[in-house]
Amino acid sequence: MANTNGMQSVGPEKRYASSLPKIGIRPVIDGRQRGVRESLEEQTMNMAKAAAKLISENVFHGTGEPVECVIADGTIGRVRESADCAEKFTKEGVAVTLTVTPCWCYGTETFDMDPMTVKGVWGFNGTERPGAVYLAAVLAAHTQKGLPAFGIYGRDVQDNDDTSIPEDVAEKILRFARAGLAVATMRGKSYLSIGGMAMGIAGSIVDQDFLQSYLGMRSEVVDMCEIERRIAEEIYDPEEYKKAIAWVKENCIQAEDVANPPEYQRSEEQLAKDWEYCTKMTMIARDLMVGNKNLEKRGFKEEALGHNAICAGFQGQRQWTDHWPNGDFMETMLNTSFDWNGIREPYIMATENDHLNGISMLFCKLLTNRAAIFSDVRTYWSPASIERVTGWKPEGLAKEGFIHLINSGATTLDAAGQMKNEKGESEMKHYWEITKEDVQNTLEHTRFSVANGGYFRGGGYSSTFLSEGGMPLTMVRINMVKGVGPVLQLAEGWTCEVPENVFDIINKRTDQTWPTTWFVPRTNGKEGPFKDVYSVMANWGANHGALSYGHFGADIITLCAMLRIPVCMHNVEEDKIFRPSAWSMLGMDKEGADYRACSTFGPLYGKY
Ligand SMILES: C[C@H](O)[C@@H](O)[C@@H](O)C(=O)CO
Ligand SMILES: [Mn+2]
């Protein structure tokens, strides 16, 4: 029985050097005094206050803290006021700006010209004043000057004393804010590569130029021996370790070893040592990512600093795992929204140092503020194969077959679907909504299996669970194309339930020590990658996929446009696609225009 009595929320942690990015609201106005400007001051500032309230009440940092909106000191009518606003926003750490107006203003005098901010403009749909005319004019300026901006314009006309924000406007403002915040949060952080390339997996050829030019991220690299060094020299917090290993022994249920033939079976004594080692690996990997001030007290000032890493990858295979315990427990626990310290914001750590999947996980987490799943995209099970092998004719969500998502152990425990929302549905929750019952249920439905000694000669513990059906998930992957650069693909879908015996038969054909998620993407029957479930698998660009809870493909598309990463495959409804206005200047074929725009404007942080 899991003992989660002490399981409280750790609350917001300051993990990184930079402060939380803010969103700036720019109320722009017609600068003509003697009546025009004065008549518009209140309405214009009210739009800014309404937008700030909408964003702060609905958009949160990964810490769970609401996003702070900074409104310019006054309305912006002429270029001096633009410059004063830019000065203020720089001091305040504003990285995303939303310009709002109900009237005509002077485009290039009042627009945000800071090349580093992510920009949006909301033009009030009211006809007393030409708000939409300004919107079109200023978006033209943004396009002409190579500073793409998102245009927001409500479908229905509003009265000029209406301070409400229509639903369609709110949806775009919030999508823009979530994606803009993700861009800003990655900026200046590190990807920490622990080790190098794993088993010829191209995604683990860490492309430092991609991380720098497209995401504004540093690449930090440590050799895997750093983990062994810190364990051997006890460069970790011994007090925390005592608490950790006690918690692990009490809450991480070890499964009977059914995977290993006698020659790979590990003694009880060795297994106990492996648990100790894996627990230390987890603490040390976290310290490597974000530092640990408790190390400083023990004289390890340098190690206490960490690498300011918002995302990390562990090579593991093969050299490390041919001798030491694998990284499965470490990766699982860091990707999970709780550990021995309590319920907390999940980290992002990629298996096999697949940084393209790690960054895909990061996109998922930044947009949803939920844990992210790392999986091998392992097998497409057709209805015919399911029936031939198990005797079950798949029905319901599984009737077209399903994709077997499984990983050599490291999948966030949040993916087990044992956290329940107020409707009793399985949900990978925001960490600040997780209860200790959620934790208890998750641990009780998870086993930790001794690693397959054929693959992992050094042992280790893989998380073993079956995801509950019925959870909406979005699967994402960044792929690198020679001569083009990064492209992204995504598939919205659901986890699906299969009868226990069906799972058992299939599971026994695969690596039954690993976690399983049965995934069914939304398909449309039309020629192309979403024709059917098989087509999604056949068009998936690599061996891994990153997922999180919900259908957030539209947010991913907006984020990619901000980052100038073209989207090559998605199943998001056309009317949900929200990109900068410049994209529609590059053709009516949305995918082609996306590629043209990304190539024309290029990555945010310099030539790739
Ligand atoms: C244990 C195996 O080598 C796994 O690591 C392998 O199937 C992969 O995960 C490849 O991505
Ligand atoms: Mn893999």
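User: Is Asp376 buried or exposed, going by its C-beta neighbours inside 10 Å?
Analyst: This is a predicted model, in which local features need pLDDT of at least 70, side-chain atom pairs count only at pLDDT 80 or more, and totals for chains, interfaces and linings use all residues. Residues are numbered from 1 along each chain as its sequence is written, while chains are lettered from A and ligands numbered from 1 in the order in which they are written. A residue is buried if 20 or more other C-beta atoms, placed from the backbone, lie within 10 Å of its own, exposed if 12 or fewer, and partly exposed in between. Asp376 has 20 C-beta neighbours inside 10 Å, so Asp376 counts as buried.

User: Which residues does UniProt list for "active site"?
Analyst: The listing comes from an unreviewed UniProt entry; such annotations may be inferred rather than shown by experiment. The listed residues are Glu352 and Asp376.

User: Why do they gather at one spot?
Analyst: Glu352 and Asp376 are the residues in the UniProt listing. They span 25 residues in sequence, yet they gather at one spot because no two of their C-alpha atoms are more than 10.8 Å apart.

User: Which residues does Asp376 touch, leaving out those up to four places away in sequence?
Analyst: Two residues touch if their C-beta atoms, placed from the backbone, lie within 7 Å. For Asp376, with residues up to four places away in sequence not counted, these are Ile406, Asn407, Asn543 and His544.
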